[in-house]
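The following note sets out points on one protein model for a colleague at the bench. It is meant to be read beside the sequence and the coordinates.

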Amino acid sequence: DESLYGQAAYRAIRPGYFETMRTNLIEGRLFSPAEFANSTPVVVVDEVLAGLIAPGESAVRKRLLIRITTLDPQEVEVIGVVEHQRGPSLARDGTEGIYVTNLYAGTFGNMTYIVRTATDPEGLVRQVRRELDALDPMLPLSDVRSMEARVDEAMTETRFALALIGAFGVMALALASIGIYGVLSHTVRQRVGEIGLRMALGAQQKQVRTMVLRHGLLLSGIGVAIGLAGAFALTRLMTALLFGVSAVDPVTYAAVALSLTLVTLLACYVPARRAARVEPIEALRWE
């Protein structure tokens, strides 16, 4: 029944692939040298596919029907489960993966070689070309790029979205600072009489500044609390744009709250300084 089959991303690999890609083994084992040499009908699956074929239990030793190079499905055994590798975009998990030996899958027109080095990867291109020429001078070599370049390409969509969100965030922060400054300036102007009276009764400039700053921090504290609650509820909708960071990352939340508090202090400084310089006589005249 065709409806029973799913479409998984399969890779025909050679020895050393998982070690080169630093793909960790979760359970079971990897291909042995004998399995690479004899095209044994065994496969390694990633954690996503393992969760589909054996929900809540181990996928090792489970048997699958796969159809890669033949018209009829062939039965294979799962010998190991590895970490999931994302596809063309890091913003999406991508299709579940299954790995077979290159000898089992047969010959393909295109092959991809992965080389890991501790030196500059661009400097190895000529050496890799010489090695391939030694194997077969007719083998073409194209699309040679570092893994960093490929990751940058996969991050293009996410980077654009995050840059746009970041620009709006900076604009929102600037508007919030201007708003806090305006509200506090207006509050100080309305309370000139009260401030002058306080200073006439012996209040010091430091006490007046503290009073204005306390008022500003109270307003910002309420705003930050409401904002964090809203962010906690809405950032779950941005999970697809996040990679390697939780939607409820406490460090990020703390950094944002601290940044807003510092901005509030800066926005409160000028109104607080102006309030501390109010002369009692001028305040009474204003009143």
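How many aromatic pairs does a search of the whole structure find? The search finds four aromatic pairs; two of them are described below, after remarks on the basis of the values.

1. Basis of the note. This is a predicted model, in which local features need pLDDT of at least 70 and side-chain atom pairs count only at pLDDT 80 or more, while totals for chains, interfaces and linings use all residues. Residues are numbered from 1 along each chain as its sequence is written, and side-chain values use heavy atoms, with hydrogens and water left out.

2. Overall make-up. The protein chain contains 11 helices and six strands; these are DSSP runs numbered from the N terminus, helices being H or I over at least four residues and strands E over at least two. Of its 287 residues, 26% are buried. Buried here means under 20% relative accessible area, exposed over 50%, and partly exposed in between, with a 1.4 Å probe and protein chains only. Among contacts with a separation of 6 or more, 71% are between residues 24 or more positions apart, contact meaning heavy atoms within 4.5 Å.

3. Aromatic cluster. A pair of aromatic rings is described by the distance of the centres and the angle of the planes. Rings of Phe, Tyr and Trp (its six-membered ring) pair if their centres lie within 6.5 Å; planes under 30 degrees apart count as stacked, over 60 as edge-to-face and the rest as tilted. Y17 and F18 form an edge-to-face pair, at 5.4 Å centre to centre and 75° between the planes. F18 also pairs edge-to-face with Y99, at 5.0 Å centre to centre and 70° between the planes. This second pair links distant parts of the chain, since F18 belongs to helix α1 (residues 17–21) and Y99 to strand β6 (residues 97–101), 81 residues apart. Ring pairs thus join Y17, F18 and Y99 into a cluster. Y17 counts as buried at 14% relative accessibility, as do F18 at 5% and Y99 at 1%.

4. Salt bridges. The structure holds four salt bridges, each defined as a side-chain nitrogen of Lys or Arg within 4 Å of a carboxyl oxygen of Asp or Glu. One of them joins E35 to R29, with 2.6 Å from N to O. Is E35 buried or exposed? E35 is buried, because its relative accessible area is 7%, whereas R29 counts as partly exposed at 37%. Another salt bridge joins K62 and E57, whose closest N and O atoms are 3.3 Å apart; K62 is partly exposed at 28% relative accessibility.

5. A salt-bridge network. E77 and R63 form a salt bridge in which the closest N and O atoms are 3.5 Å apart. The pair links distant parts of the chain: E77 lies in strand β5 (residues 74–82) and R63 in strand β4 (residues 63–66), 14 residues apart. Both ends count as partly exposed, E77 at 24% relative accessibility and R63 at 47%. A network of salt bridges links R63, E75 and E77.

6. Packing of α7 on α9. Helix α7 (residues 156–190) and helix α9 (residues 205–234) pack at an angle of about 140°, with their axes 11 Å apart. That angle makes α7 oblique to α9. Axes are lines fitted to C-alpha atoms, for helices over the stretch in contact, and angles run from 0 to 180 degrees between N-to-C directions. Angles under 35 degrees count as roughly parallel, over 145 as roughly antiparallel, 65 to 115 as roughly perpendicular and the rest as oblique. V183, L184, T187 and V188 of α7 meet V212, H215, G216 and L219 of α9.

7. Packing of α9 on α10. Helix α10 (residues 250–276) packs with α9 at an angle of about 150°, the axes being 8 Å apart. That angle makes α9 roughly antiparallel to α10.

8. L217 in α9. Which residues does L217 contact, leaving aside its neighbours within four places in sequence? They are T261, T264 and L265. L217 lies in helix α9 and is partly exposed at 32% relative accessibility. L217 and L265 are 48 residues apart in sequence, yet their C-alpha atoms are 7.3 Å apart in space.
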